[in-house]
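Subject: Structure handover

Hi there,

Here is the structure I promised to pass on to you. Have a look at it first, and then read on for what turned up in it.

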Amino acid sequence: MSAPNKSYDPVEVEALKPEEIERMRDEALAAFEAAADLDALTHAKTAHTGPTSPLSLANREIGALPPQAKAEAGKRVGMARGAVNKALAARLAVLEAERDERVLVEEAVDVTLPYDRVPAGARHPLTTFMERVADVFVAMGYEVAEGPEVEAEWFNFDALNFVPDHPARQMQDTFFVQGADGKKTDESGVVLRTHTSPVQARALLERREPPVYVVCPGRVYRTDELDATHTPVFHQIELLAVDEGLTMADLKGTLDHMVQALFGEGVKTRLRPHYFPFTEPSAEMDMVCYVCRGESVGNPDRPCRTCGSEGWIELGGCGMVNPKVLTACGVDPEKYSGFAFGFGIERMLMFRHNVEDMRDMVEGDVRFTRPFGMEI
Ligand code: DAH
């Protein structure tokens with residue numbers, strides 16, 4: 001900025017000469033016109049109206065003019081700046097309109113296009129069925145309990161009263177996991193759980209004082225080959241109730257309630273004596289075939305595919321919790337008793353839906369899963 005000068009002639013200040021001001025104005029107008037998009041216009045705006053633009057710098061010179069020259073120079077610069085701002089606003093409006101139009105075209109959505117070319121995913125029928133079974137018990141006040149799939153041998157076998165040389169503990173039945181300490185695999189003390197029953201022991205130890213009412217769904221492992229009726233990875237659901245005064249009648253009533261909730265009114269269960277180390281007495285449980293309701297038995301005219309005309313379908317194992325298991329888990333067997341049962345989800349899904357080959361359940365082909373519905 002020049003210093004104040006009483007004999008100042010505005011025409012002599014280079015930046016304030018009329019032709020200079022006109023040139024600055026015309027350059028600004030040309031720059032705005034040349035700006036092809038909003039970004040370019042922003043640059044041109046800074047260059048031609050910003051604090052260091054030629055017109056702003058010229059404006060600053062006015063302050064140093066003698067009073068009689070100020071009005072003339074101020075008018076000249078003011079008019080030029082007014083024209084520049086007007087041109088800027090006009091160009092801005094044009095470019096914004098262009099942008100809006102382009103966005104409408106580029107971001108247009110064709111709402112008539114088919115929307116379901118890529119079908120939505122859904123959970124596997126095994127998962128949803130397992131949850132449905134668990135829900136039957138949740139509705140009765142049971143809690144869902146889960147345990148690890150890589151399990152301590154102690155929980156999988158010892159706590160459940162399996163003797164040390166029980167055949168299930170052999171490598172040909174059970175996947176042993178290599179121990180971190182480099183011990184031989186079958187001495188590591190770590191297995192892939194072969195059933196969901198270890199969750200019984202965990203639930204008792206975690207909750208300490210009964211009553212304990214838990215339902216334990218989960219994945220289990222055995223060294224089986226994959227074929228029509230076996231898979232090395234499958235699912236079980238386990239139930240455990242420990243309380244004062246529970247009897248086999250409670251077990252039977254609970255089983256009857258479950259099969260009726262899953263298979264319909266009037267479907268009954270029966271118990272056949274059996275042996276499991278962790279229950280005493282133990283039983284295998286069957287349910288009346290929910291399709292023929294027993295009418296196919298001895299009736300060759302009405303064969304039943306679901307039960308093979310047996311009238312009964314085997315469900316799984318059950319019994320009263322062995323007092324030795326209660327003791328191992330810190331529960332007083334003099335005071336408390338319990339019942340438990342466990343069964344395979346795959347098997348139940350197979351006869352519930354006439355699935356003939358277990359491999360269909362693990363291969364992930366949507367032609368198998370889709371008919372079960374798309375529950376998410
Ligand atoms: N864990 C047994 C199995 O995998 C099934 C079973 C039997 C579970 C009896 C139980 C039970 O809770 O009481 O073959």
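Which polar backbone atom lies 3.2 Å from an oxygen atom of the ligand? That atom belongs to alanine 340. Before going further, please keep in mind that this is a predicted model.

Let me stay with the ligand for a moment. Phenylalanine 341 also offers a polar backbone atom, at 3.4 Å from an oxygen atom of the ligand. On the side-chain front, histidine 195 places a polar atom 2.9 Å from a ligand nitrogen. On its own the ligand has 360 Å² of accessible area, and the protein covers 89% of that. As for where the ligand sits, the answer is the largest pocket.

The surroundings of the ligand may interest you too. There are 15 residues around the ligand, and those that come nearest are His195, Ser197, Arg222, Gln236 and Glu238. Sorted by class, this shell holds eight polar, five nonpolar and two charged residues. Three strands each supply at least two residues of the shell: strand 5, covering 233-243, strand 8, covering 312-321, and strand 9, covering 337-344.

Now for the overall layout. The domain assignment splits out domain 1, residues 14-106, and domain 2, residues 125-372. Taken over C-alpha atoms, the centres of domain 1 and domain 2 are 83 Å apart.

Finally, here are some backbone details to check if you plan to set up calculations:

- Proline 210 and proline 211 are joined by a cis peptide bond, with omega at about 10 degrees. Proline 211 belongs to the loop that runs between helix 7 (198-207) and strand 4 (212-221).
- Another cis peptide bond leads from glutamate 280 to proline 281, where omega is near -5 degrees. Proline 281 is part of strand 7, which spans residues 279-288.
- Asparagine 161 is not a glycine, yet its phi is positive, at about 70 degrees. You will find asparagine 161 in the loop between helix 6 (153-156) and strand 3 (190-192).

To return to the ligand as a place to begin: its polar partners include the side chain of histidine 195 and the backbone of alanine 340 and of phenylalanine 341. Histidine 195 is also among the residues that come nearest to the ligand.

Happy to talk any of this through whenever it suits you.

Best wishes

Conventions. Residues numbered from 1 in each chain as written. Predicted model: local features only at pLDDT ≥ 70, side-chain atom pairs only at ≥ 80, totals over all residues. Heavy atoms only, no water. Near = heavy atom within 4 Å. Polar contact = N/O pair within 3.5 Å; in protein donor to acceptor, adjacent residues only side chain to side chain. Areas by Shrake-Rupley, 256 points an atom, 1.4 Å probe, with all protein chains shown as cover. 1 Å grid on protein atoms, 1.4 Å probe; cavity = no way out; pocket = protein on both sides within 12 Å on 5 of 7 lines; lining within 4 Å. Sits in = over half its atoms within 2 Å of the grid points. Helix = DSSP H or I, 4+ residues; strand = E, 2+ residues; numbered from the N terminus. Nonpolar A, V, L, I, M, F, W, Y, C, P; charged D, E, K, R; others polar. Domains from an automatic or database assignment.
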